[in-house]
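Here are some notes to read alongside the model. They take one helix, one pocket, one loop residue and one strand in turn.

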Amino acid sequence: MDITTDAIQETEELKIPERLPLLPVRDVVVYPYMILPLFVGREMSINAVDKALAGDRLIFLATQKDLGDDEPSPEAIYQVGTVAMIMRMLKLPDGRVKVLVQGLAKARIVSFESLEPCFEVKLERIIEPPPPEESLELEALVRAVKDQLGKIITLGKAVSPEVIVIVENMQDIGSLADLVSSNIGLKVEEAQRLLEISDPVERLKKVNELLAKEHELLSMQTKIQTAAKEEMGKSQKEYYLREQLRAIQNELGESDSRTEEMTEIRKAIEQAKMPATIEKEALKQLGRLEQMHPDSAESGMLRTFLDWMVEIPWSRSTRDSLDIKRAQVILDEDHYGLEKIKERILEFLAVRKLRKKMKGPILCFVGPPGVGKTSLGKSIARAMGRKFVRMSLGGMRDEAEIRGHRRTYVGALPGRIIQGLKQAATNNPVFMLDELDKLGSDFRGDPSSALLEVLDPEQNFMFSDHYINLPFNLSNVMFIATANQVDTIPGPLLDRMEVINLSGYTEEEKLEIAKRYLVPRQTKENGITPKIITFTDESIKTLISGYTREAGLRNLEREIGGVCRKVARQVAEGDKRRFLINAANVGKYLGPPKFIREPETEKNEIGLVTGLAWTPVGGEILHIEASIMTGKGALTLTGHLGDVMKESVQAALSWIRSKGKELNLADDLFQNIEIHVHVPAGAIPKDGPSAGITMATALVSALTRTPVRRDVAMTGEITLRGKILPIGGLKEKILAAVRGGIKTIIIPAQNEKDLADIPKAILKKVQIITAKEVEEVLTVALENFSFIEVPAAEPALPQKKPRVGKVLVTSRKGVSA
C-alpha cells in the first residue's frame, strides 16, 4: 500500500463518471490514494475488471459485509466505497486475475443499474469539506497521531519504513488519517466506519482514538510476554526455540520430524479401522499430544497410549476354516484319542458354518498334568485356522494383570488379555488361559473376579481394560482354560465355562502316543534318526510300567529322551551300529526300574486292603492296614490322614459294632482290644470321602481274622446304615488299578453309569463289581466270608400316643448272608 503526493494532486482534478462497474472486495477497505494488488477470482468480478479495462480503466471498489459470501447481493455490499484506477492487470494460470489498483476518490452508491454480467452502479462522489485553518489544537492532534503511531511501531507493530517517511512529511490531515488507518491492521468494520466519515478532522480524531486503544493492547501484550518469558523454564525455552526452528524449517521447505510423526500417527489411526467412538477418542488424544511439549512426562505416556491404540486389532480377524473333514484330520494328526473334545470342536465348526455370527465358546479342560491340555489348544487353533495365544495364570495375584493399570501410573501397561490380542494381531484368536486353578489373590485384588467379565459371553463384548479405558469386543475370541482340578476354581467362574474332563491315558494309549509322537520327537531333538534307533513295543511298555507312574506322558517322554541321549553319545563317539531298544536292555540305559509291582505270588493277608484314590495328577493305589491288639478300646489312626478319612474310619467302626452279631463278634470285644489303622506312606497327606468301604473291609478282616483277596481293589463311601455312596474320578482310579495289576474292582452301584467313559480295552482287563451295601463288598473281598443270619427283632421303642389322622408305618429289610 502506498500513497504519493502527485497522486493526490492528479485525483483532485480527475472527473469521475456517474456510472461504473462494481468490484466487491473482502478482507480489505480501500482508501483514496492507496495503491494495492487485488486477486480477482469470481466470474462476476472478472467481468467487472474486463469492462473497466475496455473503458477508461476506472472501477468502483466497495467492501462486502459478509466475508464468506461468494455471491453477494446488492444489500450485502457497503454503500460507501472508493473509485479506483486499474494500473496493471495480469492473468494467472489458475484462471484468476491479479490487478494493481490505485484509490482515487470516495463515492456513494446511488443505485444498481445492472446486475449481469457484473454489477454496474450509479455513483455520487463524496466531496470532503476543505481542511480548517491551522490551529494549535489541530497541530496537537496531528502530532498526537504521529507520536501514537511511533509508539505502537516501537512495541512491535509492523509498519513499512516508506509509510513512516510519508507520514512524517504529510500535511493533509484527511490523507494522513486514511494512510494511518490503512496500515495499522484495523478490522473491516472499523476501517469502513472511518471511510464513511467525510470530515477529515473528525476522521483524524477517530484514528487517534484507535491508535490509543492499539497502544494499550500492545503494551498489555508486551507486559504479558515479558512476565511469561521470566517464568519460562529451561524446557519451555527449548520448546519455544524448537517451535521457532520448526517455523523456519517450514519456510525453507525442510521437513519437521515431529510434524511427520504426528502425521504418521494420524494415518495409523485412520488405517486401524476403529469403531467411530474409539477413533474419536484416539484423535482427541492425538490433538492433546500435538499441543504438548515433546519432553514432558505426559507426552511420553500419550505417545505410548496411541501406539497401543493403533496396534490393537479392533477390526482385524482371521477367517475361520470351516472344512469339518479337514479339521478332523488335523485333530487326529496331533492327538491320539480325546474323542469328546474333538467332537465338541467339530460341533462348534458345524454351527459356525451354519450361523455366521455367533459367540465363541468358553471351554475348560480339566485333567492331570501331561495329558495334552495345552497342546490340544494349539491343535484347535490350527484346525480352525486361527492364531493361538497362551497366558499362564499360575501364581497370578494382581487384578491389574488381567485388566491393566491406570494410565496415571508410571510404566502402566494394558492387561495380559489386550497384550495377547496385540500379539496375535487378530480379534478372534484361540486364547488359552493356562493353570486356571492356580490363581491367587491378595491385597492387590482378585484376578479370578476380574476373569468373570472376560469369560462371560453376556459381558465380554464390552470388556474394558483400565489402561485403554475403552470397550473392546471379546465375544469373537475362543477362550480355553486348563486346570488340574476344579475344587480351587471359584464357583461363579466355573459356572461360566463348559468343563471337559481329560482323564489319564491307558497303557495302550500311552504305547500308541509314544510310537506316533514321543519317540519321533525325542529322536529328532537328540540328533538321531529312526535308522539309528528303534524302540520295540515291549520296551515302551517296560518304560511305562517300570519307570513311570503317572496319568500323563511327561515322565515317559523324559525316559525316552534319556535313552536317546545315551544312544546319541555312543553315535557321537563313533559307534555306527543300529540300536534296538527292547524290554531286556532298557535297564542298561536307564538303570533298574523305579517302580516295581508287588509280587503277585504273595498270599492273601489279614487286615490289608487295596483302595483307590484320586489325585490332581491322576489315580493312585492306596494300601490300608488294620491291626488288633489287646487294650482298653482305643482307636489309633496314623498315616497323615485328613479329617474326612478319620470320619470314614469312625463311620466304618460304628457300622461294624452295630453288626457285631452278624459278624460273630463278642459283645465285650471292643472293651478289651485296641485298633490301629495305618495308611502308608506316612509323610504324604491323605484325605477324601471315598475310602469308607476300604476302611470297613480292613477292620472286618482284622476283627474276624479273615484274609483279604490281594487282587481286589475298591472305592466308595459308607454310611452308618451300611449304604455305599457314589464317588468321583472313577476313570482315573480304574486306570491306576490296571497299572497296579488289580484284577477285580468294587465300585458303588450308582457309579455304574460312569463306566461308559472307560475304554473298552480297559474294561476287558478287569472285573468290575458294583455294590449297594457293605455286605456285598465283604462277600467279594474276604475269603470264604459269610454273615451269620440273626432273626430280625423289633426295636424297643418308647410308647407314644399316636396322633389323630396320621398312621405310622415301619418296616425293616432283612439282611441275607
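1. Start with helix α19, residues 507–525. It bends by about 50° at A514. The model is predicted, so the bend belongs to a predicted backbone.

2. Next, the buried side of this helix. The buried residues of α19 are E509, K510, L511, I513, A514, Y517, L518, V519, Q522 and T523. The bend residue, A514, is thus listed with the buried ones. Charged names such as E509 and K510 appear there too.

3. What do the buried residues of α19 pack against? Their partners are α12 (324–334), β14 (533–535), α20 (537–547) and α21 (554–572). Just after the helix, G527 takes a positive phi of about 75°.

4. Look now at A551. It sits in the loop between α20 and α21. Both of those helices are packing partners of α19. A551 counts as buried because its relative accessibility is 2%, and the cut-off for buried is under 20%.

5. A551 also has a link back to α19. Its C-alpha atom and that of K510 are separated by 9.5 Å. Along the chain the two residues are 41 apart. K510 is itself one of the buried residues of α19.

6. Turn to the largest pocket. Its volume is about 1100 Å³. The lining has 37 residues, and those closest to the pocket centre are N501, L502, S503, K731 and E732. Elements that give two or more residues to this lining are α13 (339–354), β13 (498–501) and α25 (730–739).

7. Which element gives the largest share of that lining? It is α13, with five residues. By class, the lining of the largest pocket holds 16 nonpolar, 10 polar and 11 charged residues.

8. Strand β9, residues 430–434, deserves a separate look. Five of its five residues are buried, so the strand is largely enclosed by the rest of the structure. Both faces are covered. V430, M432 and D434 lie on one side, F431 and L433 on the other. In a regular strand, side chains alternate between the two faces of the sheet.

9. Finally, the strand partners of β9. Strand β8 (residues 388–392) pairs with β9 in the parallel sense, over five bridges. In that pairing, S392 stands opposite D434. Strand β12 (residues 478–483) also pairs with β9 in the parallel sense, over four bridges. Here V430 stands opposite M478.

Conventions
Residues are numbered from 1 along each chain as its sequence is written. This is a predicted model: local features need pLDDT of at least 70, side-chain atom pairs count only at pLDDT 80 or more; totals for chains, interfaces and linings use all residues. Side-chain values use heavy atoms; hydrogens and water are left out. The bend at a residue is the angle between axes fitted to the seven residues ending there and the seven starting there. Buried means under 20% relative accessible area, exposed over 50%, partly exposed in between (1.4 Å probe, protein chains only). Contact means heavy atoms within 4.5 Å. On a 1 Å grid over the protein atoms alone, a cavity is a set of points where a 1.4 Å probe fits but cannot get out, and a pocket is an open set with protein on both sides within 12 Å along at least five of seven lines; lining residues have an atom within 4 Å of a point. Grid points are joined across faces, edges and corners, and a volume is the space filled by probe spheres set on the points. Ala, Val, Leu, Ile, Met, Phe, Trp, Tyr, Cys and Pro count as nonpolar, Asp, Glu, Lys and Arg as charged, and the others, Gly among them, as polar. Two strands pair if DSSP finds at least two bridges between them.
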